[in-house]
Every structure is written in structure tokens, then in C-alpha cells.
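Here is a short report for someone meeting this structure for the first time. Take a look at the chain, then read on.

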Amino acid sequence: MKKQIVTLTAIAALSVGAAATASADSSYTVKSGDTLWGISQAKNVSVSDLKGWNDLSSDLIFPKQELSVGEAKKEEAAAEKSTYTVKSGDTLYRIASNSGISLDQLMSWNGITGHLIYPGDKLVVSGGTAISVPKAPAQSTTPASAPAPAQSTAPAQSSAPAPSSQSGKEMTVSATAYTAYCTGCSGVTRTGIDLRSNPNQKVIAVDPTVIPLGSKVWVEGYGTAIAGDTGGAIKGNKIDVFIPSRDAALQWGRKNVTIKILE
């Protein structure tokens with residue numbers, strides 16, 4: 001019986017010791033002469049982590065102050081950093097750049113196919129896995145036995161599609177054209193659309209006080225486009241249409257066109 005009591009006492013002592021060690025690893029008692037930088041180097045963490053974990057607004061610490069420095073806090077911080085909550089004014093390109101990942105990774109991890117995001121959206125920015133987005137089924141071809149449609153007697157339409165039948169604000173604007181390779185251009189729009197990687201994307205630069213960014217806009221002679229960019233000279237009733245070819249952009253020149261803000 002005595003041997004059993006001694007054994008149980010030893011186990012209890014070991015348990016208490018292990019708990020004390022774990023607690024010691026996750027906290028630190030400040031000593032006279034300590035600095036946040038010195039503690040961060042000893043514990044292999046950053047000063048900003050120490051300040052965040054302990055709600056410190058400055059580098060000032062005091063002897064006998066208990067600071068959290070353990071692995072649990074680092075794991076919590078890592079979990080928080082694995083997602084990002086979209087704020088007003090954010091773009092996919094800027095979020096990807098700030099998170100140290102490519103735009104393609106950000107879009108793949110979050111199953112994004114367009115470039116529109118909204119404040120409050122939560123995006124995976126670290127350690128994500130690609131999400132497959134189902135493609136729309138291909139349209140079936142017309143059976144050979146189907147009768148040929150009657151020839152239309154209406155005059156030929158212009159190459160740009162007609163505006164949607166849905167209601168929208170209509171106005172006349174002065175329209176110029178630009179390319180993704182102009183002097184000083186990055187090829188990435190204000191909303192994060194990479195025009196060099198997507199040369200067939202229809203995008204227009206607008207004054208956001210007149211046409212909100214992200215709007216779908218029908219442009220006479222151009223087609224339906226996304227209001228996805230801005231420009232220093234684009235103020236008021238002016239737009240700049242994206243055209244991949246420099247020669248085609250020069251041919252566009254400057255013209256007055258009718259536009260319709262669809263949504």
C-alpha cells in the first residue's frame with residue numbers, strides 16, 4: 001500500500017510539473033531591465049506579436065508584469081491571418097499583393113471567376129486549396145433536320161450588341177480608348193482586373209461619381225463592359241474604353257457615344 005501511495009504521489013508531482021512547464025512556455029514574467037525587443041528575441045517572436053497578444057499600445061513594460069508569449073497565441077494569430085475580410089476600396093490584386101500570393105491563387109482558393117468583391121466578404125489568403133467552379137454546359141448544336149431560319153429583311157446591325165432590354169440610366173459621354181501597355185500603365189485596373197492576361201475583357205475607365213465602379217455598362221459601338229478602372233483625365237461624362245491593340249485604340253480616337261448603365 002505504501003508503494004502505491006508513493007507511486008501516485010510521484011505521478012501527481014510529474015503532472016503538476018508538466019503543467020507548470022507548459023504554463024511557463026506560454027507566459028513570461030517581466031524582470032527589471034527587460035525590453036519587449038529582448039523578450040521577443042529570447043522567445044523567437046516579433047515585438048508586434050507581443051504587443052498584439054498583450055494589448056500593449058506602446059513598448060513600455062514593468063517588472064513582474066505577466067506577458068503571453070506561447071505557441072497557442074502564435075497558432076491563433078496564424079489562423080486569423082489565413083483569411084482576410086474585404087474592406088471598402090479593396091481590390092483582388094491589392095489583397096493578393098499584400099498577402100504575398102498571386103492573383104490566380106487568390107481567385108482559385110476562393111472560387112472567384114470575376115473581379116467583383118464586396119466589403120464584408122471573407123477570403124482565404126493563406127494555405128488554401130483550389131476550388132473548382134462548374135462551367136456552364138455547352139449549348140447543343142442545331143439538329144441537321146431542323147428547318148433553316150427565315151432570312152431577316154432587317155438592315156444589318158453594327159458589330160456592337162444592342163443594350164439589354166432591362167431598365168437603366170442612359171446618357172451621352174465623350175469616349176476615348178486606351179491599352180494595357182501605355183506609358184506608366186501596370187496593366188491592372190483599379191478593381192484588380194489584369195488586362196494583359198485578359199485582353200478580350202471589355203472594361204471601361206469611368207468617373208466613379210458618375211458611374212459606380214463595378215457597374216455593367218452598354219457602350220455604343222463597343223458593347224457591354226465592366227466599369228472597372230479610373231483615370232486622371234476621366235472626369236464627369238467621360239469614359240475610356242479598353243482596346244488591346246494600340247492601332248485599334250488610335251482608330252477609335254475621341255467620339256461622343258450613348259451609354260446605358262445596366263446595373
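What is the mean pLDDT of the chain, and what share of its residues reach 70 or more? This is a predicted model. Its mean pLDDT is 77. The level of 70 or more is reached by 72% of the residues.

**Confidence along the chain**

Residues 1-23 have a pLDDT under 50 throughout. Beyond four places in sequence, the model gives this stretch 0 contacts. A second stretch, residues 150-160, also has a pLDDT below 50. Here the model has 3 contacts beyond near neighbours in sequence. Where pLDDT is low, the predicted coordinates should not be read in detail.

**Overall build**

The chain has 263 residues, and 30% of them count as buried. Its secondary structure consists of 7 helices and 10 strands. How far apart in sequence are the residues that touch? Take the contacts between residues at least 6 apart in sequence: 62% of them join residues at least 24 apart.

**Two nonpolar cores**

In soluble globular proteins, nonpolar side chains tend to be buried together. The largest nonpolar core of this model has 27 residues. Those with the most contacts inside this core are I204, I211, V219, Y222, I239, V241 and I259. Several elements each supply at least two of its residues. Among them are strand 6 (203-205), strand 7 (216-219), strand 8 (223-229) and strand 9 (238-242). Helix 7 (246-252) and strand 10 (255-261) are also on that list. Which strand gives the largest share of this core? Strand 5 does, with 4 residues.

A second core is separate from this one and has 13 residues. I101, L106, I112 and L123 are included in the second core.

**Two pockets**

Rolling a probe the size of a water molecule over the atoms shows where empty space is left. The table sets out the two largest pockets.

| Pocket | Space | Lining residues | Closest to the centre |
|---|---|---|---|
| Largest | about 350 Å³ | 15 residues | G89, D90, I117, T191 and L213 |
| Second largest | about 240 Å³ | 18 residues | Y178, C185, D229, T230 and G231 |

What kinds of residue line them? The lining of the largest pocket divides into 6 nonpolar, 6 polar and 3 charged residues. For the second largest pocket, the lining has 8 nonpolar, 7 polar and 3 charged residues.

**Two loop residues with positive phi**

N44 is not a glycine, yet its phi is positive, near 60 degrees. N44 sits in the loop between helix 2 (36-43) and helix 3 (47-53). Is N44 buried or exposed? N44 counts as exposed because its relative accessibility is 65%, and the cut-off for exposed is over 50%.

K64 is another residue other than glycine with a positive phi, about 75 degrees. Its place is the loop between helix 3 and strand 2 (66-68). K64 has 73% relative accessibility, so K64 counts as exposed.

**A glycine ahead of strand 5**

Where does G168 lie? G168 is in the loop between strand 4 (122-124) and strand 5. G168 counts as partly exposed because its relative accessibility is 34%. Leaving out residues up to four places away in sequence, G168 touches K260 and I261. G168 and V217 are 49 residues apart along the chain, and 9.1 Å separates their C-alpha atoms.

Conventions: Residues are numbered from 1 along each chain as its sequence is written. This is a predicted model: local features need pLDDT of at least 70, side-chain atom pairs count only at pLDDT 80 or more; totals for chains, interfaces and linings use all residues. Side-chain values use heavy atoms; hydrogens and water are left out. pLDDT is the predictor's confidence in each residue, from 0 to 100. Contact means heavy atoms within 4.5 Å. On a 1 Å grid over the protein atoms alone, a cavity is a set of points where a 1.4 Å probe fits but cannot get out, and a pocket is an open set with protein on both sides within 12 Å along at least five of seven lines; lining residues have an atom within 4 Å of a point. Grid points are joined across faces, edges and corners, and a volume is the space filled by probe spheres set on the points. Ala, Val, Leu, Ile, Met, Phe, Trp, Tyr, Cys and Pro count as nonpolar, Asp, Glu, Lys and Arg as charged, and the others, Gly among them, as polar. Buried means under 20% relative accessible area, exposed over 50%, partly exposed in between (1.4 Å probe, protein chains only). A nonpolar core is a set of buried Ala, Val, Leu, Ile, Met, Phe, Trp, Tyr and Cys residues joined through side-chain atoms within 4.5 Å.
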